[in-house]
Amino acid sequence: MLAAKLPCKETIRVVDEPVPVPGKGEVLIKMKASALCRSDLHRYHGVTIFDEDEKAANITPGHEPCGIVQELGEGVTKVKKGDRVAVYLGLGCTTCPDCLRGDIMLCPQFRCIGFAVNGAHADYMKVPEENCLLLPEGMDFITGALATDVGGTLYTACRKVGLNGTKSVVIIGCGPMGSGGILMAKGFGAQVIAVDMDEERLKMAKELGADYVVNPGREDSVKKVKELTEGRGADAAIVTAGGNIPLNSALNSVRPKGQVALIAESNSATIDPSNQFVRTLVELKGCWYFNRGDWEEIAHFIVDRKIPLKKISSHTFSISEAEKAFPLFDSGKTQKVVFVWDD
(Lines give C-alpha, C1' and ligand atoms only; values in the text may rest on other atoms or scores of the structure.)
Protein backbone atom coordinates (compact mmCIF):
# COMPACT_ATOMS: atom_id res chain seq x y z
CA MET A 1 0.00 0.00 0.00
CA LEU A 2 1.03 3.64 -0.43
CA ALA A 3 1.71 5.78 2.65
CA ALA A 4 3.00 9.32 3.13
CA LYS A 5 6.01 9.80 5.40
CA LEU A 6 7.86 12.81 6.83
CA PRO A 7 11.46 11.58 6.88
CA CYS A 8 12.95 15.00 7.61
CA LYS A 9 12.02 18.67 7.79
CA GLU A 10 9.82 19.89 4.93
CA THR A 11 10.21 16.63 3.06
CA ILE A 12 7.39 14.28 2.01
CA ARG A 13 7.94 10.79 0.68
CA VAL A 14 5.29 8.39 -0.59
CA VAL A 15 6.45 4.86 0.13
CA ASP A 16 5.13 1.36 -0.52
CA GLU A 17 4.74 -0.67 2.67
CA PRO A 18 2.78 -3.75 3.79
CA VAL A 19 -0.90 -3.45 4.64
CA PRO A 20 -1.15 -3.51 8.47
CA VAL A 21 -2.68 -6.54 10.18
CA PRO A 22 -5.24 -5.74 12.88
CA GLY A 23 -4.43 -7.20 16.28
CA LYS A 24 -6.73 -8.06 19.15
CA GLY A 25 -9.44 -5.45 19.50
CA GLU A 26 -8.37 -3.65 16.33
CA VAL A 27 -9.88 -3.12 12.89
CA LEU A 28 -8.36 -2.47 9.47
CA ILE A 29 -9.86 0.50 7.64
CA LYS A 30 -9.67 1.06 3.90
CA MET A 31 -9.29 4.80 3.56
CA LYS A 32 -11.77 6.91 1.60
CA ALA A 33 -10.89 10.45 2.81
CA SER A 34 -8.16 11.89 5.01
CA ALA A 35 -7.87 15.63 5.64
CA LEU A 36 -4.66 17.54 6.14
CA CYS A 37 -4.49 19.55 9.35
CA ARG A 38 -2.37 22.40 10.64
CA SER A 39 -0.97 19.90 13.15
CA ASP A 40 0.39 17.86 10.23
CA LEU A 41 2.30 20.97 9.21
CA HIS A 42 3.95 21.14 12.64
CA ARG A 43 5.52 17.78 11.88
CA TYR A 44 6.25 18.91 8.32
CA HIS A 45 8.27 21.83 9.73
CA GLY A 46 9.98 19.69 12.35
CA VAL A 47 8.06 21.11 15.31
CA THR A 48 7.17 18.72 18.14
CA ILE A 49 3.70 19.10 19.67
CA PHE A 50 2.91 15.69 21.18
CA ASP A 51 6.38 14.67 22.44
CA GLU A 52 7.04 12.51 19.41
CA ASP A 53 10.19 10.42 19.73
CA GLU A 54 12.98 9.71 17.26
CA LYS A 55 10.78 7.14 15.50
CA ALA A 56 8.37 9.84 14.30
CA ALA A 57 9.96 9.93 10.84
CA ASN A 58 8.61 6.43 10.22
CA ILE A 59 5.10 7.26 11.41
CA THR A 60 2.44 8.00 8.80
CA PRO A 61 0.67 11.29 9.60
CA GLY A 62 -3.08 11.89 9.35
CA HIS A 63 -5.68 12.14 12.12
CA GLU A 64 -8.86 13.28 10.30
CA PRO A 65 -9.86 10.10 8.44
CA CYS A 66 -12.87 8.33 7.09
CA GLY A 67 -13.19 4.92 5.45
CA ILE A 68 -14.69 1.45 5.39
CA VAL A 69 -13.96 -1.34 7.86
CA GLN A 70 -12.12 -4.00 5.87
CA GLU A 71 -10.97 -6.59 8.43
CA LEU A 72 -11.64 -7.36 12.09
CA GLY A 73 -9.06 -8.39 14.65
CA GLU A 74 -9.69 -10.97 17.35
CA GLY A 75 -12.45 -10.05 19.80
CA VAL A 76 -13.94 -7.14 17.83
CA THR A 77 -17.67 -6.92 18.51
CA LYS A 78 -18.68 -3.26 18.20
CA VAL A 79 -18.13 -2.80 14.47
CA LYS A 80 -18.44 -5.09 11.47
CA LYS A 81 -16.95 -5.41 8.01
CA GLY A 82 -18.37 -2.83 5.62
CA ASP A 83 -19.17 -0.25 8.30
CA ARG A 84 -18.56 3.33 7.18
CA VAL A 85 -16.55 5.04 9.89
CA ALA A 86 -14.64 8.14 10.84
CA VAL A 87 -11.83 7.79 13.38
CA TYR A 88 -11.40 9.41 16.81
CA LEU A 89 -7.82 10.66 16.98
CA GLY A 90 -7.07 9.99 20.66
CA LEU A 91 -5.61 6.88 22.28
CA GLY A 92 -5.82 6.76 26.07
CA CYS A 93 -5.33 4.36 28.95
CA THR A 94 -9.10 3.52 28.87
CA THR A 95 -9.39 3.39 32.68
CA CYS A 96 -8.69 6.89 34.06
CA PRO A 97 -11.59 9.25 34.89
CA ASP A 98 -10.99 11.29 31.70
CA CYS A 99 -11.12 8.22 29.44
CA LEU A 100 -14.19 6.86 31.18
CA ARG A 101 -15.88 10.23 30.74
CA GLY A 102 -15.01 10.24 27.03
CA ASP A 103 -12.45 13.06 27.27
CA ILE A 104 -9.68 10.86 25.92
CA MET A 105 -7.61 13.86 24.82
CA LEU A 106 -7.16 14.73 28.53
CA CYS A 107 -5.82 11.30 29.51
CA PRO A 108 -2.37 11.53 31.21
CA GLN A 109 -1.24 8.81 28.79
CA PHE A 110 -2.79 10.46 25.72
CA ARG A 111 -1.32 9.55 22.35
CA CYS A 112 -2.44 10.91 19.01
CA ILE A 113 -2.98 8.87 15.88
CA GLY A 114 -0.64 10.15 13.19
CA PHE A 115 1.94 11.20 15.78
CA ALA A 116 2.48 8.25 18.13
CA VAL A 117 1.18 5.55 15.78
CA ASN A 118 0.59 5.34 12.04
CA GLY A 119 -2.19 7.58 10.84
CA ALA A 120 -4.51 7.96 7.89
CA HIS A 121 -2.45 9.38 5.02
CA ALA A 122 -2.18 5.86 3.59
CA ASP A 123 -4.31 3.35 1.71
CA TYR A 124 -5.10 1.50 4.95
CA MET A 125 -4.81 2.08 8.68
CA LYS A 126 -5.53 0.02 11.76
CA VAL A 127 -7.11 1.41 14.93
CA PRO A 128 -8.74 0.09 18.11
CA GLU A 129 -12.41 -0.60 17.51
CA GLU A 130 -13.41 1.97 20.13
CA ASN A 131 -11.89 4.68 17.92
CA CYS A 132 -14.38 3.91 15.13
CA LEU A 133 -17.14 6.51 14.76
CA LEU A 134 -20.07 5.23 12.73
CA LEU A 135 -21.22 7.55 9.95
CA PRO A 136 -24.94 8.32 9.76
CA GLU A 137 -26.92 7.81 6.58
CA GLY A 138 -26.48 10.74 4.23
CA MET A 139 -22.95 11.68 5.32
CA ASP A 140 -20.36 11.35 2.56
CA PHE A 141 -16.74 10.45 3.26
CA ILE A 142 -15.20 13.91 2.88
CA THR A 143 -17.81 15.35 5.22
CA GLY A 144 -17.14 12.46 7.60
CA ALA A 145 -13.43 13.27 7.72
CA LEU A 146 -14.10 16.99 8.24
CA ALA A 147 -16.73 16.22 10.87
CA THR A 148 -14.06 15.04 13.31
CA ASP A 149 -11.40 17.66 13.99
CA VAL A 150 -13.19 20.62 12.36
CA GLY A 151 -16.84 19.72 12.91
CA GLY A 152 -16.43 18.12 16.32
CA THR A 153 -14.15 20.79 17.73
CA LEU A 154 -16.24 23.71 16.48
CA TYR A 155 -19.52 22.09 17.50
CA THR A 156 -18.07 21.72 20.99
CA ALA A 157 -16.87 25.33 21.01
CA CYS A 158 -20.28 26.63 19.90
CA ARG A 159 -21.97 24.62 22.61
CA LYS A 160 -19.49 25.75 25.28
CA VAL A 161 -20.23 29.42 24.60
CA GLY A 162 -23.97 28.78 24.50
CA LEU A 163 -24.79 29.77 20.93
CA ASN A 164 -28.40 29.83 19.78
CA GLY A 165 -30.70 31.95 17.65
CA THR A 166 -30.54 34.89 20.08
CA LYS A 167 -26.73 35.11 20.29
CA SER A 168 -23.99 36.82 18.31
CA VAL A 169 -20.48 35.41 17.89
CA VAL A 170 -17.23 36.82 16.55
CA ILE A 171 -15.08 34.24 14.78
CA ILE A 172 -11.49 35.43 14.57
CA GLY A 173 -9.55 33.68 11.84
CA CYS A 174 -11.30 32.35 8.72
CA GLY A 175 -8.99 29.54 7.71
CA PRO A 176 -10.32 25.96 7.71
CA MET A 177 -11.15 25.89 11.43
CA GLY A 178 -12.72 29.34 11.41
CA SER A 179 -14.70 28.49 8.27
CA GLY A 180 -15.96 25.37 10.00
CA GLY A 181 -16.88 27.60 12.94
CA ILE A 182 -18.98 29.83 10.71
CA LEU A 183 -20.90 26.82 9.42
CA MET A 184 -21.46 25.31 12.85
CA ALA A 185 -22.42 28.64 14.44
CA LYS A 186 -24.98 29.25 11.71
CA GLY A 187 -26.27 25.74 12.36
CA PHE A 188 -26.92 26.84 15.95
CA GLY A 189 -28.75 29.88 14.58
CA ALA A 190 -26.30 32.53 15.80
CA GLN A 191 -25.45 35.84 14.16
CA VAL A 192 -21.85 35.52 12.91
CA ILE A 193 -19.25 38.26 12.56
CA ALA A 194 -16.17 36.91 10.77
CA VAL A 195 -12.79 38.60 11.22
CA ASP A 196 -9.70 38.03 9.07
CA MET A 197 -6.95 39.99 7.31
CA ASP A 198 -7.34 38.03 4.05
CA GLU A 199 -10.00 39.34 1.68
CA GLU A 200 -10.33 35.99 -0.11
CA ARG A 201 -11.06 34.26 3.20
CA LEU A 202 -13.60 36.96 4.05
CA LYS A 203 -15.26 36.41 0.69
CA MET A 204 -15.47 32.70 1.51
CA ALA A 205 -16.84 33.57 4.96
CA LYS A 206 -19.75 35.44 3.36
CA GLU A 207 -20.41 32.50 1.06
CA LEU A 208 -20.53 30.20 4.09
CA GLY A 209 -23.15 32.35 5.78
CA ALA A 210 -21.33 34.96 7.88
CA ASP A 211 -23.68 37.89 8.51
CA TYR A 212 -20.84 40.42 8.62
CA VAL A 213 -17.15 40.35 7.70
CA VAL A 214 -14.46 42.61 9.15
CA ASN A 215 -10.88 43.12 7.99
CA PRO A 216 -8.79 44.45 10.91
CA GLY A 217 -6.19 45.60 8.40
CA ARG A 218 -8.72 48.11 7.09
CA GLU A 219 -10.66 49.10 10.20
CA ASP A 220 -10.69 48.73 13.97
CA SER A 221 -12.32 45.32 14.36
CA VAL A 222 -13.25 45.77 18.04
CA LYS A 223 -14.93 49.10 17.30
CA LYS A 224 -16.77 47.57 14.34
CA VAL A 225 -18.04 44.63 16.40
CA LYS A 226 -19.34 47.07 19.00
CA GLU A 227 -21.13 49.02 16.25
CA LEU A 228 -22.72 45.83 14.93
CA THR A 229 -23.94 44.83 18.39
CA GLU A 230 -25.48 48.12 19.51
CA GLY A 231 -22.43 49.09 21.53
CA ARG A 232 -22.35 46.14 23.93
CA GLY A 233 -20.11 43.67 22.17
CA ALA A 234 -20.78 40.17 20.92
CA ASP A 235 -22.17 37.48 23.21
CA ALA A 236 -19.26 35.19 22.37
CA ALA A 237 -16.06 34.85 20.39
CA ILE A 238 -14.27 31.84 18.92
CA VAL A 239 -10.54 32.26 18.27
CA THR A 240 -9.05 30.08 15.53
CA ALA A 241 -6.08 32.32 14.68
CA GLY A 242 -2.98 32.00 16.85
CA GLY A 243 -1.05 34.77 18.53
CA ASN A 244 -1.47 37.63 20.94
CA ILE A 245 -3.52 39.99 18.76
CA PRO A 246 -6.40 37.61 17.89
CA LEU A 247 -6.86 36.59 21.54
CA ASN A 248 -6.92 40.18 22.76
CA SER A 249 -9.26 41.15 19.95
CA ALA A 250 -11.67 38.44 21.08
CA LEU A 251 -11.50 39.44 24.74
CA ASN A 252 -12.14 43.08 23.83
CA SER A 253 -14.96 42.29 21.39
CA VAL A 254 -17.31 40.45 23.75
CA ARG A 255 -19.82 42.03 26.11
CA PRO A 256 -19.59 41.87 29.91
CA LYS A 257 -20.15 38.24 30.97
CA GLY A 258 -19.34 37.22 27.40
CA GLN A 259 -17.56 33.96 26.62
CA VAL A 260 -14.45 33.32 24.54
CA ALA A 261 -13.57 29.88 23.16
CA LEU A 262 -9.87 29.51 22.36
CA ILE A 263 -8.99 26.87 19.76
CA ALA A 264 -5.82 28.30 18.19
CA GLU A 265 -2.49 27.01 19.47
CA SER A 266 -0.22 29.64 21.02
CA ASN A 267 2.79 29.40 23.33
CA SER A 268 2.33 32.76 25.02
CA ALA A 269 0.12 35.82 25.14
CA THR A 270 -0.09 39.09 27.04
CA ILE A 271 -3.51 40.05 28.35
CA ASP A 272 -5.05 42.58 30.74
CA PRO A 273 -6.65 40.46 33.49
CA SER A 274 -8.22 43.35 35.38
CA ASN A 275 -10.00 44.94 32.43
CA GLN A 276 -10.59 41.82 30.35
CA PHE A 277 -11.73 39.45 33.14
CA VAL A 278 -12.11 40.88 36.64
CA ARG A 279 -14.22 43.91 35.72
CA THR A 280 -16.08 42.26 32.86
CA LEU A 281 -16.66 38.72 34.21
CA VAL A 282 -15.71 37.41 30.78
CA GLU A 283 -15.00 33.67 30.62
CA LEU A 284 -12.14 32.19 28.57
CA LYS A 285 -12.59 28.52 27.67
CA GLY A 286 -10.09 26.15 26.13
CA CYS A 287 -11.50 24.02 23.31
CA TRP A 288 -9.58 21.02 22.06
CA TYR A 289 -11.35 18.29 20.09
CA PHE A 290 -14.60 16.69 21.33
CA ASN A 291 -15.83 14.18 23.86
CA ARG A 292 -15.97 10.68 22.37
CA GLY A 293 -19.55 10.26 23.59
CA ASP A 294 -20.73 13.32 21.65
CA TRP A 295 -20.06 11.88 18.19
CA GLU A 296 -23.60 10.74 17.41
CA GLU A 297 -24.96 14.14 18.46
CA ILE A 298 -22.35 15.96 16.34
CA ALA A 299 -22.81 13.77 13.27
CA HIS A 300 -26.61 14.02 13.30
CA PHE A 301 -26.41 17.78 13.88
CA ILE A 302 -24.36 18.06 10.69
CA VAL A 303 -26.73 15.85 8.69
CA ASP A 304 -30.03 17.11 10.13
CA ARG A 305 -29.08 20.80 9.88
CA LYS A 306 -27.57 20.21 6.43
CA ILE A 307 -24.25 21.78 7.46
CA PRO A 308 -22.25 21.96 4.17
CA LEU A 309 -18.86 21.08 5.66
CA LYS A 310 -17.71 19.80 2.28
CA LYS A 311 -17.59 23.42 1.09
CA ILE A 312 -14.41 23.98 3.08
CA SER A 313 -12.60 21.25 1.15
CA SER A 314 -10.96 23.41 -1.50
CA HIS A 315 -8.55 20.80 -2.93
CA THR A 316 -8.45 17.01 -3.17
CA PHE A 317 -5.50 14.78 -4.06
CA SER A 318 -4.70 11.09 -4.31
CA ILE A 319 -2.21 9.84 -1.72
CA SER A 320 0.36 9.43 -4.50
CA GLU A 321 0.28 13.24 -4.82
CA ALA A 322 1.20 13.92 -1.17
CA GLU A 323 4.40 15.70 -2.20
CA LYS A 324 2.22 18.33 -3.92
CA ALA A 325 -0.52 18.45 -1.30
CA PHE A 326 1.58 19.33 1.76
CA PRO A 327 3.35 22.41 0.31
CA LEU A 328 0.08 23.68 -1.15
CA PHE A 329 -1.70 23.42 2.19
CA ASP A 330 1.32 25.01 3.87
CA SER A 331 1.03 28.02 1.54
CA GLY A 332 -2.06 29.24 3.41
CA LYS A 333 -3.84 29.74 0.09
CA THR A 334 -6.31 26.88 0.57
CA GLN A 335 -9.05 25.79 2.84
CA LYS A 336 -9.02 22.08 3.71
CA VAL A 337 -6.87 19.80 1.55
CA VAL A 338 -8.17 16.23 1.54
CA PHE A 339 -6.71 12.96 0.25
CA VAL A 340 -9.41 10.86 -1.39
CA TRP A 341 -9.69 7.30 -2.67
CA ASP A 342 -12.23 6.65 -5.43
CA ASP A 343 -11.85 2.87 -5.79
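# Exercises on a predicted model

Tyr-289 sits in the loop that runs between β15 and α9 (295-304); helices (H or I, at least four residues) and strands (E, at least two) are DSSP runs, numbered from the N terminus. The model is predicted, so local features need pLDDT of at least 70 and side-chain atom pairs count only at pLDDT 80 or more, while totals for chains, interfaces and linings use all residues. Residues are numbered from 1 along each chain as its sequence is written, and side-chain values use heavy atoms, with hydrogens and water left out.

**Exercise 1.** Find the value of phi at Tyr-289 and at Glu-230, and state for each residue whether it is buried or exposed.

*Solution.*
- Step 1: Tyr-289 has a phi near 60°, which is positive although the residue is not glycine.
- Step 2: Glu-230, in the loop between α6 and β13, has a positive phi near 55° and is likewise a residue other than glycine.
- Step 3: Most residues other than glycine have a negative phi.
- Step 4: Relative accessible area is judged with a 1.4 Å probe on protein chains only: under 20% is buried, over 50% is exposed, and the range in between is partly exposed.
- Step 5: Tyr-289 is buried at 2%, whereas Glu-230 is exposed at 78%.

**Exercise 2.** Determine which residues are joined with Arg-101 in a salt-bridge network, and describe the bridge between Glu-283 and Lys-285.

*Solution.*
- Step 1: A salt bridge requires a side-chain nitrogen of Lys or Arg within 4 Å of a carboxyl oxygen of Asp or Glu; the whole structure holds 14 of them.
- Step 2: Arg-101 bridges to Asp-98 at 2.2 Å, N to O.
- Step 3: These two residues lie 3 apart in helix α2 (residues 97-101), so about one helical turn separates them.
- Step 4: An α-helix has 3.6 residues a turn, so residues three or four places apart point the same way.
- Step 5: Arg-101 also bridges to Asp-103, at 3.1 Å from N to O.
- Step 6: Arg-101 is partly exposed at 46% relative accessible area, while Asp-98 is buried at 17% and Asp-103 is buried at 15%.
- Step 7: Glu-283 and Lys-285 form a bridge whose closest N and O atoms are 3.9 Å apart. Glu-283 is partly exposed at 40%, and Lys-285 is partly exposed at 22%.
- Step 8: Through shared partners, Asp-98, Arg-101 and Asp-103 form one network.

**Exercise 3.** Describe the largest pocket and the second largest pocket by volume and lining.

*Solution.*
- Step 1: On a 1 Å grid over the protein atoms alone, a pocket is an open set of points where a 1.4 Å probe fits, with protein on both sides within 12 Å along at least five of seven lines; lining residues have an atom within 4 Å of a point. Points are joined across faces, edges and corners, and the volume is the space filled by probe spheres set on them.
- Step 2: The largest pocket has a volume of about 1000 Å³. Among its 42 lining residues, Arg-38, Thr-240, Gly-242, Ala-264 and Glu-265 are the closest to its centre.
- Step 3: Two or more lining residues of the largest pocket come from each of α1 (38-44), α3 (141-160), α4 (176-187) and α7 (244-253).
- Step 4: Ala, Val, Leu, Ile, Met, Phe, Trp, Tyr, Cys and Pro count as nonpolar, Asp, Glu, Lys and Arg as charged, and the others, Gly among them, as polar. The lining of the largest pocket then has 22 nonpolar, 14 polar and 6 charged residues.
- Step 5: The second largest pocket holds about 480 Å³. Of its 27 lining residues, Leu-91, Ile-113, Val-127, Pro-128 and Asn-131 are the closest to the centre.
- Step 6: In the lining of the second largest pocket, β8 gives the most, with 5 residues. By class, this lining has 14 nonpolar, 7 polar and 6 charged residues.

**Exercise 4.** Establish how many residues of α7 are buried and which elements they pack against.

*Solution.*
- Step 1: Of the 10 residues of α7, 7 are buried, so this helix is largely enclosed by the rest of the structure.
- Step 2: The buried residues are Pro-246, Leu-247, Asn-248, Ser-249, Ala-250, Leu-251 and Ser-253.
- Step 3: With contact taken as heavy atoms within 4.5 Å, they pack against β10 (168-172), α6 (221-228), β13 (234-239), β14 (254-262), α8 (273-278) and β15 (283-286).

**Exercise 5.** Identify the residues that touch the most other members in the largest nonpolar core.

*Solution.*
- Step 1: A nonpolar core is a set of buried Ala, Val, Leu, Ile, Met, Phe, Trp, Tyr and Cys residues joined through side-chain atoms within 4.5 Å.
- Step 2: In the largest core, of 63 residues, they are Leu-163, Val-169, Ile-182, Ile-238 and Leu-309. Helix α3 provides the largest share of this core, 10 residues.
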